[in-house]
Amino acid sequence: MENACYPTLYRRRYIPDEKVCLRNDTIVYYDRHILITEWSTLKPRRDFDRGTSCYLIDKGVKISKFFQGERLLYHYIDILETHIDHEANEIVFNDLLIDVVVENGGLVKVLDLDQVPFALEQGLITCDQAMSALRISAWILDVIYRGDFDDLLKYFDRST
């Protein structure tokens, strides 16, 4: 697919409430099921400076590799809900709050789980979105704990 045909990408967060155009993300691969981007931090940071992200659209996850220079620091997994508008040539990724970090040594952390009930109580997300976030999180954790996470990382190879 040529660059001119690539969709405009947006990230929608519920906490804080924002919708941001990901105009600095470079799409390196895209089909109906997989989107791979490369990006640099917008503002200088000490902890990382760039990354590569692989959206597994059908699975509801974005797996990102965070780098400092050439050194891979960790994998960061966002749980997502994807809305594709073919007419507008846009994709909106709704961040469903829960994140999973896989460190190089194998330590797995689940982040922001406490935001799900808060977002439900405040009416920021629906019950269906909360259930989806929990189901997708359970699936990705099962993949990691079974030792099959490397099978998902193979999708990044499409960008080369």
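Let me start with proline 16, which is found in the loop between β1 and β2, and which is joined to isoleucine 15 by a cis peptide bond with omega at about -10 degrees. Please keep in mind throughout that what we are looking at is a predicted model. Most peptide bonds are trans, and most residues other than glycine have a negative phi, and that is the background for the next two residues as well.

Leucine 97 has a positive phi, near 80 degrees, although this residue is not a glycine. Leucine 97 sits in strand β8, and because its relative accessible area is 3%, under the 20% limit, leucine 97 counts as buried. Aspartate 112 also has a positive phi without being a glycine, in this case about 65 degrees, but its place is in the loop between β9, residues 108-111, and α1, residues 115-121. With a relative accessibility of 28%, aspartate 112 is classed as partly exposed.

Now to the pockets. Rolling a probe the size of a water molecule over the atoms shows where empty space is left. The largest pocket holds about 970 Å³ of space, and its lining is made up of 34 residues, with Arg11, Arg13, Trp39, Lys62 and Phe66 lying nearest the centre. If you want to trace the lining by secondary structure, the elements that each give at least two residues to it are β1 (8-13), β2 (18-21), β4 (34-40), β5 (50-56), β6 (61-68), β7 (71-85) and β8 (90-103). Sorted by class, the lining of the largest pocket has 17 nonpolar, 11 charged and 6 polar residues.

And what is the volume of the second largest pocket? The space there comes to about 150 Å³, and 12 residues line this second largest pocket, of which Tyr30, Arg32, Ile84, His86 and Ile91 lie nearest its centre. Two or more residues of that lining come from each of β7 and β8. By class, the lining of the second largest pocket consists of 6 nonpolar, 4 charged and 2 polar residues.

Let me turn to the charged contacts. A search of the whole structure gives 10 salt bridges, and I will go through some of them. One of these joins the side chains of aspartate 17 and arginine 12, with an N to O distance of 2.6 Å. On the aspartate side, the relative accessibility is 59%, over the 50% limit, so aspartate 17 counts as exposed. Its partner, arginine 12, is partly exposed at 22%.

In another salt bridge, the side chains of lysine 109 and glutamate 103 meet at 2.9 Å, N to O. Here lysine 109 is partly exposed, with a relative accessible area of 36%, and glutamate 103 is likewise classed as partly exposed, at 28%.

The next salt bridge brings us to lysine 154, which lies in the segment after α3, residues 149-153. Its side chain meets that of aspartate 151 at 3.5 Å, N to O. Lysine 154 counts as exposed at 52% relative accessibility, whereas aspartate 151 is partly exposed, with a relative accessible area of 42%. Beyond these pairs, Arg11, Arg13 and Glu18 are joined into one network by salt bridges that share partners. You will remember Arg11 and Arg13 from the residues that lie nearest the centre of the largest pocket.

While we are at lysine 154, how far apart in space are this residue and cysteine 54? The C-alpha to C-alpha distance is 10.0 Å, although lysine 154 and cysteine 54 are 100 residues apart in sequence.

I will end on the surface, with a nonpolar patch formed by Val110, Leu113 and Leu134, which together have about 240 Å² of accessible area. Of these residues, leucine 134 has its place in helix α2, residues 127-146. Is leucine 134 buried, partly exposed or exposed? Its relative accessibility is 43%, and since partly exposed covers the range between the 20% and 50% limits, leucine 134 counts as partly exposed.

Definitions and conventions. Residues numbered from 1 in each chain as written. Predicted model: local features only at pLDDT ≥ 70, side-chain atom pairs only at ≥ 80, totals over all residues. Heavy atoms only, no water. Patch = residues over 30% accessible without salt bridge, like charges linked within 9 Å, V, L, I, M, F, W, Y side chains within 5 Å. Areas by Shrake-Rupley, 256 points an atom, 1.4 Å probe, with all protein chains shown as cover. Salt bridge = Lys/Arg side-chain N within 4 Å of Asp/Glu carboxyl O. Helix = DSSP H or I, 4+ residues; strand = E, 2+ residues; numbered from the N terminus. Buried < 20%, exposed > 50% of the residue type's maximum accessible area, 1.4 Å probe, protein only. 1 Å grid on protein atoms, 1.4 Å probe; cavity = no way out; pocket = protein on both sides within 12 Å on 5 of 7 lines; lining within 4 Å. Points joined across faces, edges and corners; volume = space filled by probe spheres on them. Nonpolar A, V, L, I, M, F, W, Y, C, P; charged D, E, K, R; others polar.
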